[in-house]
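Colleague: Please take one part of this model and examine it closely for a first-year student. I should then like the account to continue, step by step, to other parts of the chain.

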Amino acid sequence: MLEDAPVGSPKWWLSRLDEERTRRSEVYDAYRELVNDTHPLPESAETSQKFARMAGLATTNLMGLAAEATAERMSVEGIRIGDEPDADKDAWRIWKDSDFDAGSDEAIAAALICERSFVSVSPPKDGKNPRLSYEDPAQVVLAYSPEGERIAALKVFGDEWTGDTFGTLYTPGYVVRMTRKGDDGNMNPLDPFRWLARQMPKGAEAVTRNPLGEVPFFELQNRPLGEIRSELAPLVLPQRLLNQTMFNIQAIAEYGAFRQKWATGIEVPRNPETGAPIAPYEAHIAKLFVAEGEDARFGDFNATDLKPHLDLAREIAGHMARISRLPATYFMTEVSNVGAETLALIVGGLVAKCRRRVKGYEPGLEGAMRLAFKARAG
């Protein structure tokens with residue numbers, strides 16, 4: 001059906017951009033779950049309630065710490081426009097009126113986690129300043145020309161009450177507001193012909209001229225090695241390995257508290273129906289094992305040494321500190337014999353990383369401010 005939509009038409013853009021947005025949002029949701037402490041449970045052949053409880057306690061979320069520690073060192077502290085102090089004041093007034101101290105922090109944190117985020121510019125209303133807004137990267141996708149110009153953007157968001165989806169398509173010439181009804185289970189959710197013109201309040205139109213004359217979205221890109229990539233991407237596998245190691249430690253500690261017992265020379269009862277042996281004793285700290293036979297013997301197995309497992313967990317945490325450029329003191333408590341100069345050098349690596357990341361955010365923030373001035377001038 002897409003062949004019936006002319007290239008460059010609203011339905012053509014809706015299909016192209018929404019497909020890319022859907023693909024990205026799945027990846028971004030996975031990263032956000034890791035940051036928010038929703039990790040896949042460690043693997044185990046055991047399915048008992050006790051093992052399930054231990055698996056839930058096994059997460060040591062260093063990915064959230066890595067994201068937060070990096071984001072808290074990057075914030076916009078001022079705006080400088082050439083040698084015109086009045087322009088600086090005007091820019092800061094737009095920034096403050098938009099409450100964009102918080103919005104810019106959200107945009108920076110989202111770009112670190114999701115590899116990119118967006119800032120939008122809304123035209124002025126009722127004599128007020130234009131407004132800058134943070135846009136969720138799971139809701140927005142931006143298209144560029146081969147020359148790097150912004151040529152189209154799509155913002156999609158859902159209505160939790162009705163299950164409908166709203167989409168707004170922006171091009172330099174027009175703005176199209178669409179609605180997609182809830183999925184009936186029989187249609188392709190990305191089918192562009194499921195989008196319908198949105199029902200607007202009286203006096204408003206679903207298709208309007210773009211008052212700004214350009215796509216009002218700007219992208220903040222996280223570029224650790226020159227390519228757009230989440231700051232968490234290299235930490236996913238070490239984090240899963242750490243969770244598995246902590247699960248193993250939990251299991252050893254749980255069962256090591258009561259050593260596994262053995263007994264010989266006793267009669268073991270069996271299930272009369274299946275013939276399967278039945279444990280004759282219930283291990284408990286307040287119970288005693290008793291046997292009447294002369295040949296009965298009891299004992300226990302040696303406890304498993306936790307030290308190798310704890311050392312492995314520390315090594316994994318240290319590896320995560322190295323690849324994230326965070327000081328080891330953030331991830332590990334047992335750091336000794338470290339002088340002030342060494343600590344400054346360690347923190348210097350994190351500072352240098354933050355300065356490098358900022359270079360991927362500056363063009364988007366500068367572009368948004370430039371468009372805000374254009375909209376303010378009318």
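**A close view**

Modeller: Leaving aside neighbours within four places in sequence, His 39 is in contact with Glu 33, Leu 34, Thr 59, Asn 61, Gln 239 and Asn 243. The model is a predicted one. His 39 is placed in the loop between α1 (10–35) and α2 (49–56). Its relative accessible area is 10%, and it counts as buried because that value is under 20%.

Two of the contacts of His 39 are polar. A polar atom of its side chain lies 2.9 Å from the backbone oxygen of Leu 34, and the side chain of His 39 also makes a polar contact of 3.0 Å with the side chain of Asn 243.

Asn 61, another residue in contact with His 39, leads to the next element. At the start of helix α3, a side-chain oxygen of Asn 61 comes to within 3.2 Å of the backbone nitrogen of Met 63. Helix α3 covers residues 62–71, and 8 of its 10 residues are buried, so the rest of the structure largely encloses this helix. The buried residues are Leu 62, Met 63, Gly 64, Ala 66, Ala 67, Ala 69, Thr 70 and Ala 71.

Strand β1 (residues 116–122) can be read in the same manner. Here 6 of the 7 residues are buried, so β1 too is largely enclosed by the rest of the structure. Strand β1 belongs to an open sheet of 3 strands in the order β2-β1-β9, with antiparallel pairing. The edge strands, β2 and β9, each pair on one side only, and the twist from one strand to the next averages 25°.

The pairing may be followed strand by strand. With β2 (residues 131–135), β1 forms 5 bridges in the antiparallel sense, and Val 119 has Tyr 134 of β2 as its bridge partner. With β9 (residues 217–221), β1 again pairs in the antiparallel sense over 5 bridges; there Gln 221 is the bridge partner of Arg 116.

Helix α5 lies across β1, β2 and β9 and runs at about 150° to β1. This helix has 15 residues (100–114), and the distance from its first C-alpha to its last is 20 Å, close to the 21 Å expected at 1.5 Å a residue. Its buried residues include Phe 100, Gly 103, Ser 104, Ala 107, Ile 108 and Ala 111. A general point helps in reading such a list. An α-helix has 3.6 residues a turn, so residues three or four places apart point the same way. After α5 comes Glu 115, which has a positive phi, near 80°.

Phe 100 of α5 is also one of the residues touched by Leu 132. Not counting residues up to four places away in sequence, Leu 132 further touches Ile 94, Trp 95, Ser 98, Ser 120, Val 121, Ala 368, Met 369 and Ala 372. Leu 132 is, together with Leu 232, Met 320 and Phe 331, among the residues with the most contacts inside the largest nonpolar core, which has 48 residues. Helix α9 (residues 340–377) supplies the largest share of this core, 9 residues. Apart from it lies another core, of 13 residues, which includes Val 141, Ala 143, Ala 152 and Met 178.

Methods: Residues are numbered from 1 along each chain as its sequence is written. This is a predicted model: local features need pLDDT of at least 70, side-chain atom pairs count only at pLDDT 80 or more; totals for chains, interfaces and linings use all residues. Side-chain values use heavy atoms; hydrogens and water are left out. Buried means under 20% relative accessible area, exposed over 50%, partly exposed in between (1.4 Å probe, protein chains only). Helices (H or I, at least four residues) and strands (E, at least two) are DSSP runs, numbered from the N terminus. Two strands pair if DSSP finds at least two bridges between them. The expected span of a helix is 1.5 Å times one less than its number of residues. A nonpolar core is a set of buried Ala, Val, Leu, Ile, Met, Phe, Trp, Tyr and Cys residues joined through side-chain atoms within 4.5 Å. Contact means heavy atoms within 4.5 Å. A polar contact is a pair of N or O atoms within 3.5 Å; within protein, one must be able to donate a hydrogen and the other to accept it, and residues adjacent in sequence count only if both atoms are side-chain atoms. Axes are lines fitted to C-alpha atoms, for helices over the stretch in contact, and angles run from 0 to 180 degrees between N-to-C directions.
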